[in-house]
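User: Please take a close look at a single helix of this chain and set it in the context of the whole model. I would like to know what its buried residues are and what they pack against.

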Amino acid sequence: LEEKRGHWLWVTPILGALSMLAKPMALSLPLILVLLDWFKGRPLNRQAFIEKLPLGIIIGGIAWISYAAHARIPGESVVQSALIWPWTFTFYLRQFFFPYISVPLYRLAKPVLLTNPEYFLSLIVLFLVVLAVARLRRHKWFVFAVLFYFLSIFFLLRFDEVKDVNTVADRFMYLPGLGLCLLLGLGVERLWRKYGGKNLARGMVVAGFVVFVAAFSCKTFRQCYVWRDSMSLWRHDLKYFPDEPIALNNFAITMGETKEFEDAQKEYKKVMRSGLAGVRKGLAPETIRRIRKVDYLIGLYQKAIAAEPGFMDVRYNLGNLYAAVGRFPEAVEAYKKALEIDPKSKDAHCGLGDVYVEVGDARQAIFAFDQAMQLNPEDKDMHVMIVKAYTKAIEKNPAVAVYRESRSSVLARYAAMVNKDRPKATSYFNLGNLYVEVGDNAMALLAYRRVLELDSRHSGALYNLGNLYKEQGRFKEALGFYQKAVDANPRLADAWLNMGV
């Protein structure tokens with residue numbers, strides 16, 4: 001028996017390390033193991049701690065890195081920290097016992113003051129929990145449930161008004177709630193043992209249990225519909241927190257991607273080109289109804305900015321919307337505001353460049369694209385993005401030679417980066433696609449051939465080589481590459497179609 005126990009002691013740190021690599025919350029494992037020793041009646045002596053030493057050595061580094069990355073230290077004031085910590089402690093208890101509101105994002109209740117009932121009541125709940133543990137310290141199950149909750153959630157309790165999303169979250173309660181669930185199960189069992197022999201009492205216990213399960217089952221069923229799609233999710237969040245900036249931003253993005261709102265953006269752009277957007281007189285009622293949908297989206301973004309002026313993503317997305325409907329001066333302003341918050345945002349620089357292309361300002365467009373590359377010199381994806389942006393600019397303004405020169409320069413820089421790095425089939429495949437896009441089929445052929453040297457069954461490269469040979473009228477070679485492409489990926493429908501052609 002002792003030998004088997006020794007084997008399990010070595011398995012525990014391995015599984016503990018894997019759990020921490022999967023989720024930092026597991027760094028509370030050593031504390032829980034000590035609690036389990038106490039609960040099982042083992043003396044907390046030197047041996048109890050020595051046997052956990054391998055666990056501490058193996059996962060200690062992971063625990064330190066995880067805690068350093070996720071832990072928070074007291075924020076603006078000691079008083080504020082003394083209010084936020086009990087609030088987070090109480091939040092999870094409230095969500096466990098009374099999950100009336102369950103949303104993807106929670107923010108601290110404002111203002112963070114003792115006069116705010118949220119914080120005053122949280123202090124009272126914390127005091128009552130501590131008092132209950134002290135008074136019921138001889139009730140082992142109760143103490144175990146409370147300590148299991150506290151030790152499991154300890155590293156997620158916050159001290160400050162954090163700027164990231166997850167100040168608190170329902171999912172953090174999944175593991176800490178286990179001890180409380182065991183305590184509730186014990187309570188039901190003891191009620192049944194005590195009153196199960198009496199028909200009336202037994203009926204009341206059963207009825208209460210059925211009502212409890214039915215209520216939470218209905219809540220679970222309704223919550224599944226909340227997570228059905230992004231539209232339902234963010235609409236649900238805004239129902240309870242109408243000024244939540246992330247929910248406003250994500251709801252606007254999701255709504256803007258629906259066909260109804262995409263059509264509205266196209267209609268708005270037509271009206272902008274006609275010069276009637278500001279007046280809106282003489283427009284058909286249906287047209288006015290459509291462009292008001294765009295105004296609604298703009299309003300959502302502006303509301304999010306008012307709630308959190310430093311939220312870069314919402315300013316960038318507002319710039320995208322303004323650009324999509326042809327309101328270019330506002331788009332420029334929105335992108336510049338985004339870049340004031342995050343000067344290295346490649347998306348905002350490229351968006352700004354695209355707007356300058358639209359208004360015919362080649363000098364400013366090239367400057368914006370160059371800024372993106374100078375601030376992100378090793379970002380290959382950004383180089384691909386800018387080559388594509390220049391291609392669109394050339395299609396719109398074929399007479400502007402400087403766009404072709406700039407595109408060639410960026411493409412050459414990207415090719416040099418690909419050749420300098422460790423050879424990767426994906427990098428050469430992207431390079432070949434760019435050569436096709438700029439019309440340099442000879443270089444594209446070489447790039448795709450390089451892909452096949454690294455991965456002979458790369459279906460994308462095989463298919464694109466078939467296309468290149470088909471365009472040259474070399475149909476036998478094209479058929480050969482199409483055949484190899486479908487051998488590598490039988491579900492590549494376009495290759496089958498081109499073979500038939």
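Analyst: What follows goes from the whole chain to one helix, α7, and then to the neighbours of that helix. The model is a predicted one, and the chain in it has 24 helices and zero strands. Its radius of gyration is 31 Å, whereas a compact globule of 501 residues would have a value near 23 Å, and the C-alpha trace spans about 90 × 70 × 50 Å along its principal axes. Buried residues account for 42% of the 501 residues, while the area that the chain exposes comes to about 28,600 Å², with 62% of it supplied by carbon and sulfur atoms.

Within this chain, helix α7 covers residues 140-153, and from the first C-alpha of its 14 residues to the last it reaches 20 Å, which is close to the 20 Å expected at 1.5 Å a residue. The buried residues of α7 begin with Val143, Phe144, Ala145 and Val146, continue with Phe148 and Tyr149, and end with Leu151, Ser152 and Ile153. As for what lies against them, these buried residues pack against α2 (29-39), α5 (78-97) and α6 (117-135), and also against α8 (177-195).

Two figures for the whole chain complete the setting of this helix. Of the contacts between residues at least 6 apart in sequence, 58% join residues at least 24 apart. The chain also carries 65 positive and 47 negative charges, and the mean positions of these two sets are 8 Å apart.

Key:
Residues are numbered from 1 along each chain as its sequence is written. This is a predicted model: local features need pLDDT of at least 70, side-chain atom pairs count only at pLDDT 80 or more; totals for chains, interfaces and linings use all residues. Side-chain values use heavy atoms; hydrogens and water are left out. Helices (H or I, at least four residues) and strands (E, at least two) are DSSP runs, numbered from the N terminus. The radius of gyration is taken over C-alpha atoms; the globule rule is 2.2 Å times the number of residues to the power 0.38. Buried means under 20% relative accessible area, exposed over 50%, partly exposed in between (1.4 Å probe, protein chains only). Contact means heavy atoms within 4.5 Å. Accessible areas come from the Shrake-Rupley method with a 1.4 Å probe; for residues, only the protein chains shown count as cover. Lys and Arg count as positive and Asp and Glu as negative; His and the chain ends are not counted. The place of a charge is taken as NZ of Lys, CZ of Arg, CG of Asp or CD of Glu. The expected span of a helix is 1.5 Å times one less than its number of residues.
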